Each structure stands twice: as C-alpha cells, then as structure tokens.
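Please consider the structure shown below. The paragraphs that follow lead through its metal site and then through its aromatic contacts.

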Amino acid sequence: MKSTVPTRTVLEGGGFPVRRPIPMSALTSPFLLLDEMGPVEWPANGAIGAPNHPHRGFETVTYLLQGRMNHADSAGNSGELNPGDVQWMTAGRGVIHSELPHPDFKREGGVMHGFQIWVNLPAADKMMPPRYQDVPAEEIPIVTSEDGLVKVRVIAGQSLGQSAIIDTVIPITYLHMTLKPGGKITQSIKKGLNGMIYCFSGRLNIEDRTLNDGQLGLLSDGEVVCLSVSESAEEDVNLLVLAGPQINEPIARYGPFVMNTEQEIMQAVNDYNSGKLA
Ligand code: MN
C-alpha cells in the first residue's frame, strides 16, 4: 500500500448521506467515485433516493448490502435491488434513470446500506449503447477460504480461483471480502491495473500497515497483497478490493456526465435538454 485517502460524509441525490473517499484522482483511475451509501436508518416514509437524472460516458455500479431499492431507466430496463444484488449499468451514450427506495421499504423504514461506484470508460467506449446487468445475490459467486475465516463475493474479476459472471467493458476487479478475526488472504492485482482497498468495518492489516474503517488504501502496481485481521480483533473486517486500468485521457466532468472535452460535455447537456437521452 503506497498511500491512503480519507473519507468525508456528504449528502447525495435527494439528500441521503454517503461516505466518500476524497479526492478520487488519476491515482484511482478508472474509478471516478466510490460512495458508501449509509448505513442509515430511515424512519417510516422517510427514505429518499435519486429521482430521474441522466448519465453519459461511464458506468454506475450499485451493490446493496441492506435495504431495498427500485431502478428504472429510459432504455426500458427496470429492477429491484435487494441485499447482495448488483446492478452494473453502462450509461454509454446516455440514459435517464431513477434510483429510489422500494415503496414497501419506504413505507416501513429500515436500514439502507450499500455502494455505488462510477467506472470511467475510455473515449472509444463512451458512446457505446447503454447496457444493463441486473444480477441477484444468488448469482454472485461466493468463495470461502479453507479455514472458513475469509469469504469473498466476486462481483468482477477473480479471487481464490473463482471468476465473476458480470461482464465488464474494461478489465475490472470488484470484490467484497469479509475476514473474521485471524483471517488471512493473499490477493494479486494484475500488473498495469490500479488497485485499491476500501475498508468499511473493523481494522485491516495490509502487510505491515493498517487500514481503518472508512479509509481507502491505494496499492502499488502489480502488487500481491496479504490482507489479514488480528486474532484478537473484536469484529469482522469488511472491505472492497477494486482494480482497473489507468485511462490516460483528459477528463471533462459536469454533474452526471463524464467525457473527454468541454465540447462533448456541452453536447451531452444539449442532447439531454433536447430529449435525446430519453
Ligand atoms: Mn444515477
């Protein structure tokens, strides 16, 4: 691990709290955003989400841990997200979508917890047709270490010899690991990919350094990392491993649009305003 990025809590969408490592930069390419949504306990009728909004030029990936959400987009896709489900939405040339609490969840209230990450696309793929992969928890491969102390949900890429089923435009690794006290795992990050680890519960040892709850650790290129949790730890460690290629292209970003030039951003805004993303 070469450095760490701290996290701030900010309000997103209609006003729900997220923990967000800032800054995401060229060092975190191709990941533009990593939001931990909650955990937040909503009262009955209190839950809010993100009503209709556009995206162009990248992918939004939602992974829910607790709660229940509904998705719908202008390409005609819709679905529900329950704990463990993943929605990998490639906006490409553009969609308008909504990400809202499920009506039953909204009525009853409860805990919402999950992640949304934004994955940039190279210029050659920014205007690809939108794509939608809605994967229920039971189809996400789970692999457990021989001693049973480490569990890995393989959302993208591979771990412990298990490959993911989600197809990504560029090579992406996205793993959710749960390590019990005394658990240990060696994970390799392919050479040429930027690797990073986000810890969201407990205290993780990465080689001889530690990563605390709410910290993003940036790995060195081509690193094989040994992740472990002290035997005397009082709680499990949960973490995400993310890796992807450095996209060496200029980034022009305006709200929900991520392109390469200001002109392409203006085009995206014009296309949205004239109804071409609908
Ligand atoms: Mn969105």
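Which residues coordinate the manganese ion? In this predicted model, the ligands are His 53, His 55 and His 97, each through NE2, together with Glu 99 through OE, at 2.2 to 2.3 Å. Along the sequence, these donor residues follow the spacing H-x1-H-x41-H-x1-E. His 53 belongs to strand 5 (residues 50–55) and His 97 to strand 10 (residues 95–101), so this pair ties together parts that are 44 residues apart in sequence. Both His 53 and His 97 are buried.

The aromatic side chains offer a second view of the fold. How many aromatic pairs does a search of the whole structure find? The search yields 7. One of the aromatic pairs is formed by Phe 58 and Trp 118, with 4.5 Å centre to centre and 40 degrees between the planes. The pair counts as tilted because its angle falls between the limits of 30 degrees for stacked and 60 degrees for edge-to-face rings. Phe 58 lies in strand 6 (residues 58–66), whereas Trp 118 lies in strand 11 (residues 110–120); the pair therefore ties together parts that are 60 residues apart in sequence.

Are these two rings buried or exposed? Phe 58 has a relative accessible area of 0% and is buried. Trp 118, with a relative accessible area of 11%, is buried as well, because the term applies under 20%.

Elsewhere among the aromatic residues, ring pairs join Tyr 63, Trp 88 and Tyr 174 into a cluster.

Technical notes
Residues are numbered from 1 along each chain as its sequence is written. This is a predicted model: local features need pLDDT of at least 70, side-chain atom pairs count only at pLDDT 80 or more; totals for chains, interfaces and linings use all residues. Side-chain values use heavy atoms; hydrogens and water are left out. Donors are N, O and S atoms within 2.8 Å of the metal (3.2 Å for Na, K and Ca); water is not among the atoms, so sites may look incomplete. Helices (H or I, at least four residues) and strands (E, at least two) are DSSP runs, numbered from the N terminus. Buried means under 20% relative accessible area, exposed over 50%, partly exposed in between (1.4 Å probe, protein chains only). Rings of Phe, Tyr and Trp (its six-membered ring) pair if their centres lie within 6.5 Å; planes under 30 degrees apart count as stacked, over 60 as edge-to-face and the rest as tilted.
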